[in-house]
Amino acid sequence: MKIRNLLYGIGIMALSSCAGEKAENLDVDKALAYCDVQVHRALAELEKNGEADYSMQPRNILSGEKFWNCRKVAKEEWTGGFWPGILWYDYEATQNDTIRELAEKYTESLKLFSEIPAYDHDLGFLVFCSYGNGYRLTHNPTYRDVIIATADSLATLYNPKVGTILSWPRNIEMLGGHNTIMDNMINLEMLFWAARNRRLFDVAVSHADKTMENQFRPDYTSYHVAVYDTLTGNCIKKCTHQGYADESMWARGQAWAIYGYTVVFRETGDPKYLEFAEKLVDVYLKNLPEDYVPYWDFNAPDIPNAPRDASAA
């Protein structure tokens with residue numbers, strides 16, 4: 001992706017400054033400069049007591065707090081790759097070597113995911129946001145090796161009888177079978193990339209096709225979770241784990257799907273995936289409020305007072 005398009009992908013940092021501004025009036029250079037200012041503000045806080053602990057990744061600012069809530073890089077923490085990814089994007093926009101050095105330090109802490117068995121599907125979030133962007137910008141062969149090893153690990157969660165990647169191994173008993181969540185569509189991008197180096201292409205396509213078949217309603221809104229019988233591969237349940245209700249449209253899940261199927265089209269060239277992504281976009285746009293920042297769930301009962309989800313935007 002080009003840096004100007006990536007602005008929308010990392011809108012978590014930019015949307016608050018331009019919410020309500022029409023897209024055609026958006027000054028991209030001004031928005032990128034704003035992102036750079038925010039990156040430096042965060043870095044100043046993270047390193048205010050001397051050198052930062054680069055294994056502590058900023059996650060969010062909790063209600064009532066002023067400073068970043070940081071989490072230790074660990075297999076249970078799925079957001080650890082986002083901060084290194086933002087640093088790589090900032091380096092791409094500014095060519096600031098200091099930002100590059102910090103991106104390298106925060107990225108290094110995620111290497112462990114290439115060295116341990118897959119804990120769940122979030123490896124794309126963790127490693128492709130960090131090492132993926134790092135490799136794209138530096139062509140460091142060590143980064144390539146980490147991505148390939150992690151993609152191989154992720155592929156071990158693929159069940160050929162079902163045709164999808166298992167999302168939550170730890171929740172098989174609770175959900176009653178092989179579970180696949182919509183978030184997994186974004187993680188396919190790492191598999192497609194690694195397939196240029198090894199054969200993971202068919203796994204990614206199979207996952208996309210089975211998800212398309214079972215995880216969407218007739219109006220093209222998405223279910224968060226599909227549960228499959230491990231032995232027969234049949235879909236036995238559709239539900240949500242993070243949206244308002246099983247039949248509601250969770251905003252972030254719909255965004256995962258839009259991004260995921262656009263990537264599948266880019267990698268396969270098959271127009272059916274682009275047509276499907278467009279239908280997912282249509283229902284998303286139809287339900288957006290006037291300022292374009294979605295409610296956390298498009299069917300939340302307390303709209304217009306419901307919380308917003310900038311990451312889904």
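Good morning. I begin with Tyr 220, which is partly exposed at a relative accessible area of 27%; here buried means under 20% relative accessible area, exposed over 50%, and partly exposed in between, with a 1.4 Å probe and protein chains only. The structure is a predicted model, in which local features need pLDDT of at least 70 and side-chain atom pairs count only at pLDDT 80 or more, while totals for chains, interfaces and linings use all residues. Residues are numbered from 1 along each chain as its sequence is written, and side-chain values use heavy atoms, with hydrogens and water left out.

Tyr 220 sits in the loop between H10 and strand S6 (225-228). Helices (H or I, at least four residues) and strands (E, at least two) are DSSP runs, numbered from the N terminus. The phi angle of Tyr 220 is near 75°, a positive value in a residue other than glycine. Another such residue is Gln 95, with phi near 55°, in the loop between helix H4 (82-94) and H5. The backbone also contains a cis peptide bond between Ile 303 and Pro 304, with omega of about 10°; Pro 304 belongs to the segment after H12.

I turn to the aromatic residues. A pair of aromatic rings is described by the distance of the centres and the angle of the planes. Rings of Phe, Tyr and Trp (its six-membered ring) pair if their centres lie within 6.5 Å; planes under 30 degrees apart count as stacked, over 60 as edge-to-face and the rest as tilted. How many aromatic pairs does a search of the whole structure find? The search returns 18. In one of them, the rings of Tyr 54 and Tyr 106 have centres 4.9 Å apart and planes at 85°, so this pair is edge-to-face. Tyr 54 lies in the loop between helix H3 (28-46) and S1, and Tyr 106 in helix H5 (residues 97-108), so the pair ties together parts that are 52 residues apart in sequence. Tyr 54 counts as buried at 13% relative accessibility, and Tyr 106 is buried at 0%.

Phe 192 and Phe 201 form an edge-to-face pair as well, 5.4 Å centre to centre with 75° between the planes. Phe 192 is buried, with a relative accessible area of 1%, whereas Phe 201 counts as partly exposed at 31%.

Tyr 220 itself belongs to an aromatic cluster with Phe 216, Tyr 261, Tyr 273 and Phe 276. Within that cluster, Tyr 273 is placed in helix H12 (residues 271-286) and is buried at 2% relative accessibility. Which residues does Tyr 273 contact, leaving aside its neighbours within four places in sequence? They are Val 205, Asp 209, Met 212, Tyr 261, Val 264, Phe 265 and Thr 268, where contact means heavy atoms within 4.5 Å. By contrast, Tyr 273 and Leu 87 are 31 Å apart, C-alpha to C-alpha, with their positions 186 residues apart in sequence.

Next, helix H9 (residues 184-195). Its 12 residues reach 17 Å from first C-alpha to last, close to the 16 Å expected at 1.5 Å a residue; the expected span is 1.5 Å times one less than the number of residues. H9 is mostly covered, with 12 of its 12 residues buried. The cover of these residues includes helix H6 (123-138), helix H7 (141-155), strand S4 (164-165), strand S5 (178-181), helix H10 (201-214) and helix H11 (251-268). Glu 189, in helix H9, is buried with a relative accessible area of 12%. Leaving aside neighbours within four places in sequence, Glu 189 contacts Phe 128, Tyr 259, Val 263 and Arg 266.

Finally, the internal space. On a 1 Å grid over the protein atoms alone, a cavity is a set of points where a 1.4 Å probe fits but cannot get out, and a pocket is an open set with protein on both sides within 12 Å along at least five of seven lines; lining residues have an atom within 4 Å of a point. Grid points are joined across faces, edges and corners, and a volume is the space filled by probe spheres set on the points.

There are two cavities of 30 Å³ or more, and the second largest has a volume of about 30 Å³. Strands S1 (56-60) and S2 (69-72) each supply at least two residues of its lining, and S1 gives the most, with three.

The second largest pocket holds about 220 Å³. Of its 16 lining residues, Trp 78, Asp 122, Trp 168, Arg 170 and Gln 242 lie nearest its centre. Thank you.
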